[in-house]
Amino acid sequence: MSATETFAASGTGADTVQVRGACPHDCPDTCALLTTVAGGVAVRVQGNPDHPQTGGVLCTKVSRYTERSYHPERVLQPLKRVGRKGEGKFEPVSWDAALADIAARLSAIAARDPQAIVPYSYAGTMGLVQAEGMAARFFNRLGASLLDRTICSAAGTEALVHTLGGKVGMRVQFFAESKLILIWGSNSIASNLHFWRYVQQAKRDGARIVCIDPRKTETADKCHEHIALRPGTDAALALALMHELIVHDWLDHDYIARHTLGWDALRELALQWPPERAAAICGVPVEQIVRLASDWGTTQPAAIRLNYGMQRVRGGGNAARAIACLPALTGAWRHRAGGLLLSSSGQYPIDRAALQRPDLLAGRQPRTINMVTIGDDLLREPDEGFGPRIEALVVYNSNPVAVAPESVKVVRGFAREDLFTVVLEHFQTDTADYADYILPATTQLEHWDIHASYGHTDVLLNRPAIAPQGQALPNAQIFRELARHMGFDEPCFADDDLTLCRAAFGETVSFDELLDKGFATLQLPDAPFASGSFPTPSGRCEFFSARLAAQGLDGLPDHLPNHELAEPGSAWPLAMISPPARNFLNSSFVNVDSLRAIEREPLVEIHPDDAAPRGIRSGDAVRVFNPRGSYHCKADVSARARPGVVNGLGVWWRKLGLNGTNVNELTSQRLTDMGRGPVFYDCRVEVARLAPAEAACGNPA
Ligand SMILES: Nc1nc2c(c(=O)[nH]1)N[C@H]1C(S)=C(S)[C@@H](COP(=O)(O)OP(=O)(O)OC[C@H]3O[C@@H](n4cnc5c(=O)[nH]c(N)nc54)[C@H](O)[C@@H]3O)O[C@H]1N2
Ligand SMILES: Nc1nc2c(c(=O)[nH]1)N[C@H]1C(S)=C(S)[C@@H](COP(=O)(O)OP(=O)(O)OC[C@H]3O[C@@H](n4cnc5c(=O)[nH]c(N)nc54)[C@H](O)[C@@H]3O)O[C@H]1N2
Ligand code: SF4
Ligand SMILES: [Mo]
C-alpha cells in the first residue's frame with residue numbers, strides 16, 4: 001500500500017482525489033474528515049457525510065484547516081536556538097546535526113539519571129500513534145520520568161472510575177430521543193457541536209433542555225432554562241436535587257436496591273441539603289433548584305451531558321461523583337436515552353501495551369511528574385522526595401507555557417539556561433520560544449494515525465492526504481530517529497506508522513473496514529447500565545466508594561468549597577473562570593488569522609454590576625490581577641458574566657496578548673480533590689481599568 005493511497009472522488013479531475021481522515025484535535029466530536037487534494041495540494045477539508053456522528057459538518061476551525069496547514073509561519077526545518085531563552089531567535093540546522101546533538105545531550109543526562117529527562121505532552125493530536133505511540137516506547141526505553149497527564153480531565157476521570165467504574169456512559173446519538181437533557185458544565189455549541197445536533201433533534205421532539213453553567217453561553221441562550229450557579233458549587237446543587245428526589249419519593253427503589261451501593265449513607269447526607277441551603281451556596285433562586293429536581297424526578301428518559309468544565313475546581317471530583325449518582329437514583333439508566341455521558345473513551349479496547357511497550361522499562365520504576373505543577377517542578381532543587389532536578393524536557397503535542405497554570409512560574413522554569421528543551425511543533429508557540437531545538441512535525445494531513453473518541457464510540461483511521469511539508473516529520477518518525485541516534489536497537493523502534501495503527505486495536509477492530517470506510521463502530525449495548533453491571537469492584541453504581549475511603553478521602557460525594565472563595569469586600573472579590581473560546585482549541589488556532597479575527601482580542605466578560613463600581617466600560621483595557629500575576633485584556637461588560645464571576649475567555653498565545661501574558665498568569669497550581677488535576681476555574685481576582693498610558697505600553701515579551 002502506498003503511503004498516500006486514496007480514492008478518486010466522483011466528478012473531480014484526474015489529479016483530484018478525496019482522502020479520508022480524522023480530526024486530531026482534543027474535542028469530543030472526533031470528526032471524520034474528507035480532504036480534497038488537487039495536484040498534491042489540499043484544497044478543502046470537509047466532514048465525511050458517511051460518518052453518522054460527523055454528518056458532513058465540521059466546526060469553523062477545522063473547515064479552515066488548509067489555512068493552518070499551509071500557514072506561512074509553519075516550522076518546516078529543524079531550528080537551533082541562537083538567542084536567549086524565550087527570545088525566539090533560531091537558526092536552521094540539518095536533521096542530522098539536530099538529532100546527533102540532542103541524542104548526545106540526552107545520553108549525557110541519562111548516564112547520570114534518566115529521570116532528569118521529562119517528556120511533556122498532551123492532546124495537540126489525539127492520534128494513538130502520533131501521541132503516545134513511538135514516543136512512549138522511546139521514553140520507556142530511556143527510563144525517563146513518567147508524566148501524569150492530568151491537565152484536562154483527571155478529577156472527572158477519577159470520579160467516574162469511583163462511581164460508574166470507568167469512562168463509560170450513554171451513547172451520544174441517543175440523546176436525540178431524550179425528553180429532558182441537562183447540559184452540565186458544557187458549552188456544547190462551542191466545544192461539542194455534534195452533540196448539539198442531537199439536542200436540537202430532541203428539542204424539536206419536545207424535550208426540555210437545561211444548561212447549568214456560571215456563564216450565559218451561546219448554549220445557555222438556546223436552552224429552556226439556564227442555572228447560572230457560582231463556579232465550584234455543583235455538588236451542592238446535586239445534593240439538593242437528591243434531597244428533593246427523596247422527600248418527593250421520585251426514586252426508582254428497585255434500581256437503587258439492585259444496582260447501587262451505599263444508598264443509606266447517601267440518603268442521610270442528602271437530607272442535610274434542602275434546596276435553601278444549596279441556593280445560598282450556588283447563588284441561584286431556590287425555585288430553580290426545586291423545578292430542576294421535579295424535572296429530573298418526573299421525566300423519563302432523562303439524560304445529563306456532563307463536561308469537564310465543572311471539574312476544574314477543588315471539589316471537582318466530588319461534584320462529578322454527586323452528579324453521576326443522579327441517573328441511578330431515578331433509574332434513568334434503564335433507557336438508552338437516559339443516564340449520563342462525561343466521556344466514552346473507556347469503552348475502547350486499546351492495546352496500549354502493544355503501542356507503548358511498558359516492558360521497555362525493564363523493571364525500572366521512574367518517578368512521575370504531574371504536568372499541572374510543571375512550573376514548581378522545573379524550579380525544584382533535587383531532594384529525596386522529588387528525585388533529581390529536571391535537566392531536560394522533550395515537549396510534543398502541547399504548549400505548556402500557554403496552557404499550564406501559574407505562568408509566572410512556568411516561564412521562569414522554561415527560562416532556566418541550564419535546562420535542555422526540545423519542542424516538536426508545527427509553529428513557534430510560546431513554548432517553542434524557550435526551546436534549544438524546535439523540530440518540525442507534520443500535521444494530520446501529512447501522516448497516518450488511528451483515533452478513539454471521548455464523545456462517540458467509533459474508531460477512525462487517518463490517511464495522509466498530502467506529502468510532509470518542508471522537512472517536517474511525523475512525531476513517531478522523530479522519536480524513531482532519536483532512538484536510532486541514541487543507539488536503541490530493539491526491533492520495535494523499526495515499526496512504521498501503519499504497523500502502529502494496526503497494533504492499536506489488534507484484532508478487536510477490523511482494519512480492513514477502517515481502510516475501506518475510514519471508521520468502524522464498536523459493538524456496544526445501547527444502554528450500558530440498563531441492568532446494572534457497572535465495572536466497579538462491587539458491580540454497582542458506587543454512591544459510597546470504599547476505594548476512595550481507603551485513600552483517606554470521603555467515601556461519599558460531598559460539597560467541597562473552592563480553594564479560593566471570592567468574598568465580596570475582600571482584596572480579591574471576583575471569581576474568574578477561563579473557559580474555551582469557540583474559535584480556538586485551547587491554544588491551538590490562535591495564530592490562524594481568520595479565526596483570531598473572529599475572537600478579536602483577549603477579553604474578560606464582566607457583569608454590569610461589577611463593572612459600574614470599577615468605572616469599567618466595554619472596550620476598556622483592564623488589568624485582571626491577583627497575588628500571582630497581572631493579565632491585561634479588554635473588558636466586555638456583559639450579562640454573559642454572572643455577578644461576582646468574570647470570564648476570561650480562551651487560552652491566547654501569550655505573545656499575542658496585550659501585555660505578553662494570558663489568563664494562566666492568574667491561575668494556581670493547586671490540585672483537585674481527586675486525580676491531582678488542575679483548578680483553572682477556582683481562582684480569585686480583582687479587575688481594574690487601565691490608565692490609557694498603561695494600556696498603550698504594548699507587549700514587553
Ligand atoms: N471550540 C473549542 N472546543 C473545544 C475546546 C476549545 O478550547 N475550544 N476544548 C476542548 C477540550 S480540551 C475539552 S476538555 C472539551 C471539553 O471542554 P470544556 O472545557 O468542558 O469545554 P466547554 O464545554 O466549552 O466549557 C465548559 C463550560 O463549563 C463552564 N464552567 C466553568 N466552571 C464551572 C463550574 O464550576 N460549574 C459548571 N457547572 N460549569 C462551569 C464554563 O463556563 C463553560 O461554559 O472541549 C473541547 N472542545
Ligand atoms: N486557563 C485555562 N487553561 C487551560 C484550560 C482552560 O480551560 N483554562 N484548558 C485546559 C485543557 S482542558 C487542556 S486539554 C489543556 C490543553 O493543552 P495542550 O494539549 O497543550 O493544547 P494546545 O494548547 O492546543 O497545544 C497543543 C499543541 O500541540 C501542537 N500539535 C498539534 N498536533 C501536533 C503533532 O502532530 N505533532 C506535534 N509535535 N505537535 C502538534 C499544536 O500546534 C499546539 O501548539 O489546556 C488546559 N489549560
Ligand atoms: S475540532 Fe471537534 S468539531 Fe471541529 S472538526 Fe475537530 S472533532 Fe469536529
Ligand atoms: Mo481538555
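**Close-up views of a predicted model**

**View 1. A bridge pair within the barrel.** In strand E27, Val-646 is the bridge partner of Met-576. The model shown in this and the following views is predicted. Strand E23, residues 574-577, and strand E27, residues 645-648, are paired in the parallel sense, with 3 bridges between them. Both strands belong to a closed barrel of 6 strands, whose order is E23-E27-E24-E26-E25-E28 and whose pairing is mixed. From one strand of the barrel to the next, the twist averages 45 degrees. Strands of a sheet pair through backbone hydrogen bonds, either in the parallel or in the antiparallel sense.

**View 2. The antiparallel strands E2, E3 and E4.** Strand E2, residues 16-22, runs antiparallel to E3, and 7 bridges join the two. Strand E3 is also paired with strand E4, residues 41-47, in the antiparallel sense over 6 bridges. Thr-36 of E3 illustrates both pairings: Gln-18 stands opposite Thr-36, and Arg-44 is the bridge partner of Thr-36 in E4. Strand E3 covers residues 32-38, and 6 of its 7 residues are buried, so this strand is largely enclosed by the rest of the structure. The hairpin of E3 and E4 has 2 residues between the strands, and in this hairpin Gly-39 takes a positive phi near 55 degrees.

**View 3. The surroundings of ligand 1.** Ligand 1 is surrounded by 35 residues, of which Asn-187, Asp-213, Asp-234, Arg-312 and Phe-584 are the closest. By class, this shell consists of 19 nonpolar, 9 polar and 7 charged residues. Backbone atoms of the protein take part in several contacts with the ligand. A polar backbone atom of Asn-187 lies 2.7 Å from an oxygen atom of ligand 1, and a polar backbone atom of Gly-309 lies 2.9 Å from an oxygen atom of the ligand. A nitrogen atom of ligand 1 is 3.1 Å from a backbone N or O atom of Ile-212. On its own, ligand 1 has 880 Å² of accessible area, and the protein covers 98% of this area.

**View 4. The surroundings of ligand 2.** There are 31 residues around ligand 2, and those that come nearest are Ser-398, Glu-425, Ser-587, Ser-588 and Tyr-681. The shell comprises 12 nonpolar, 15 polar and 4 charged residues. Side chains supply two of the contacts shown here: an N or O atom in the side chain of Asn-397 is 3.1 Å from a nitrogen atom of ligand 2, and a polar side-chain atom of Asn-475 is 2.9 Å from a nitrogen atom of the ligand. In Leu-585, a polar backbone atom lies 3.3 Å from an oxygen atom of ligand 2. The protein covers 97% of the 920 Å² of accessible area that ligand 2 has on its own.

**View 5. The surroundings of ligand 3.** Among the residues around ligand 3 are Cys-23, Cys-27, Cys-31 and Cys-59. Asp-29, Thr-30, Leu-58, Lys-61, Val-62, His-194 and Leu-585 are also found around this ligand. The shell divides into 7 nonpolar, 2 polar and 2 charged residues.

**View 6. Leu-514 in helix H21.** Helix H21 spans residues 511-517 and contains Leu-514. Leu-514 counts as buried because its relative accessible area is 1%, whereas the limit for a buried residue is under 20%. Leu-514 and Leu-461 are 53 residues apart along the chain, and their C-alpha atoms are separated by 5.9 Å.

Notes. Residues numbered from 1 in each chain as written. Chains lettered and ligands numbered in written order. Predicted model: local features only at pLDDT ≥ 70, side-chain atom pairs only at ≥ 80, totals over all residues. Heavy atoms only, no water. Pairing = 2+ DSSP bridges. Helix = DSSP H or I, 4+ residues; strand = E, 2+ residues; numbered from the N terminus. Axes fitted to C-alpha atoms, helices over the stretch in contact; angles between N-to-C directions. Near = heavy atom within 4 Å. Polar contact = N/O pair within 3.5 Å; in protein donor to acceptor, adjacent residues only side chain to side chain. Areas by Shrake-Rupley, 256 points an atom, 1.4 Å probe, with all protein chains shown as cover. Nonpolar A, V, L, I, M, F, W, Y, C, P; charged D, E, K, R; others polar. Buried < 20%, exposed > 50% of the residue type's maximum accessible area, 1.4 Å probe, protein only.
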